[in-house]
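Biologist: I have a new model open and would like to learn how to read it. Could you walk me through it, beginning with the contacts along the chain?

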Amino acid sequence: MLEEEYAPARRKPFHLRRIEPPEPPFAYEIRPATAKDLPDVRAIYNHYVVNTMVTLDTDTKTLREWRSTFAYVSRLGLPFLVAVSPTGQVLGYAICEPWIQKRAYRWTAEESIYLRPASTGKGLGRALLTALIAAAKEAGLKQLLAVVADSGAESSLALHAALGFHETGRMGRVAQKFGRWIGTVMLQRTVK
Ligand SMILES: CC(C)(COP(=O)(O)OP(=O)(O)OC[C@H]1O[C@@H](n2cnc3c(N)ncnc32)[C@H](O)[C@@H]1OP(=O)(O)O)[C@@H](O)C(=O)NCCC(=O)NCCS
């Protein structure tokens, strides 16, 4: 190596240095989902269907299926929320769906929450699930349940524990995805 190659790189004078634009703050609004949000909701969910075991769906969900889910939960008055960026991009959603379709179970719902991968780990999950719990209370629900895969869903388990869900049971090796057996963890939270 030549002697001059050891010399530290020269810094440009201050007025010639490139000024990096500041990263825009991570901002969002949480509001009830509308039919217009469903293509984004579908894209967010299908990413996890195709690439992960956090959902045990193996087939992607169509827009028609999302429209039907939207109409169903709307008819039942169950909360379905989205978090939206200032530019209108849906960053994530959270939904309550009937746990069992029998009238006696009408105060109990299963919730689920999915964020765009780039929007995870920044506190949005906590904000969105907190809003969903408040909306569930408003809707008259008494118990929220979540069924979480027993491996690969650490962030979901951490989020639910942080928001007062407790584990009520585990089932081992009840599903298979990508050629691997997987179990589920059942979580529950009373809505007060
Ligand atoms: C699960 C999910 C909604 C969590 O949202 P998030 O915005 O990433 O989580 P947050 O940044 O709000 O963190 C919530 C809490 O969980 C903790 N947490 C998040 N990810 C974690 C991880 N990988 N390991 C340990 N703790 C974690 C945080 O420390 C935080 O705790 P605190 O609020 O007490 O400090 C989001 O990661 C996601 O959409 N994941 C993929 C889809 C999914 O798994 N959905 C759930 C299906 S059951």
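Modeller: Gladly! Bear in mind that this is a predicted model. For contacts, look at how far along the sequence the partners sit: in the protein, among contacts between residues at least 6 apart, 63% join residues at least 24 apart.

Biologist: Which order of helices and strands does the protein follow along the sequence?

Modeller: Reading along the sequence gives β-α-α-β-β-β-α-β-α-β-β. That amounts to four helices and seven strands.

Biologist: How do I read the overall dimensions? What radius of gyration does the protein have, against that of a compact globule of 192 residues?

Modeller: Put the two values side by side. The protein has 22 Å, while a compact globule of 192 residues would be near 16 Å. The C-alpha trace spans about 80 × 35 × 35 Å along its principal axes. As for burial, 24% of the 192 residues count as buried.

Biologist: Is there a record that marks out a domain?

Modeller: Yes, UniProt has an unreviewed entry that places the feature "domain: N-acetyltransferase" at residues 28-192. In the model, that span is 32% helix and 34% strand, and its end C-alpha atoms lie 26 Å apart.

Biologist: Now for the interior. Which residues have the most contacts inside the largest nonpolar core?

Modeller: The general idea is that nonpolar side chains tend to be buried together in soluble globular proteins. Here the largest nonpolar core has 30 residues, and Leu 81, Tyr 93, Leu 132 and Ala 136 have the most contacts inside it. At least two residues of this core come from each of helix 1 (38-51), strand 2 (80-84), strand 3 (90-98), strand 4 (108-115) and helix 3 (124-138). Strand 3 supplies the largest share, six residues.

Biologist: What does Leu 81 touch, beyond residues up to four places away in sequence?

Modeller: Its partners include Tyr 93 and Ala 94, as well as Leu 128, Ala 131, Leu 132 and Ala 135. Ile 30, Arg 31, Pro 32 and Ala 33 are also touched by Leu 81. Apart from this core lies another, of seven residues, including Val 148, Ala 149, Val 185 and Leu 187.

Biologist: How should I look at the ligand? How many residues surround it?

Modeller: List the neighbours, then ask which elements they come from. The ligand is surrounded by 22 residues, the closest being Thr 120, Gly 125, Arg 126, Ser 155 and Ala 158. Strand 4, helix 3, strand 5 (143-149) and helix 4 (154-162) each give two or more residues to this shell. Helix 4 provides the largest share, six residues. By type, the shell divides into twelve nonpolar, seven polar and three charged residues.

Biologist: Let me try single residues. Is Ala 104 buried or exposed?

Modeller: Count the C-beta neighbours: Ala 104 is exposed because it has 7 of them inside 10 Å, and 12 or fewer counts as exposed. Ala 104 lies in the loop between strand 3 and strand 4. Its C-alpha atom is separated by 17 Å from that of Thr 190, which is 86 residues away along the chain.

Biologist: And why does Val 191 count as buried?

Modeller: Val 191 is buried because 20 other C-beta atoms lie within 10 Å, and the cut-off is 20 or more. Val 191 is found in the segment after strand 7 (180-190). Leaving aside neighbours within four places in sequence, its contacts include Ile 133, Ala 136, Leu 141 and Leu 144. His 166 is 25 residues from Val 191 in sequence, and their C-alpha atoms are 13 Å apart.

Technical notes: Residues numbered from 1 in each chain as written. Predicted model: local features only at pLDDT ≥ 70, side-chain atom pairs only at ≥ 80, totals over all residues. Core = buried A, V, L, I, M, F, W, Y, C linked by C-beta atoms within 7 Å. Contact = placed C-beta atoms within 7 Å. Near = placed C-beta within 6 Å. Nonpolar A, V, L, I, M, F, W, Y, C, P; charged D, E, K, R; others polar. Rg over C-alpha atoms; globule rule 2.2 N^0.38 Å. UniProt positions renumbered as here; feature names shortened; annotations may be inferred.
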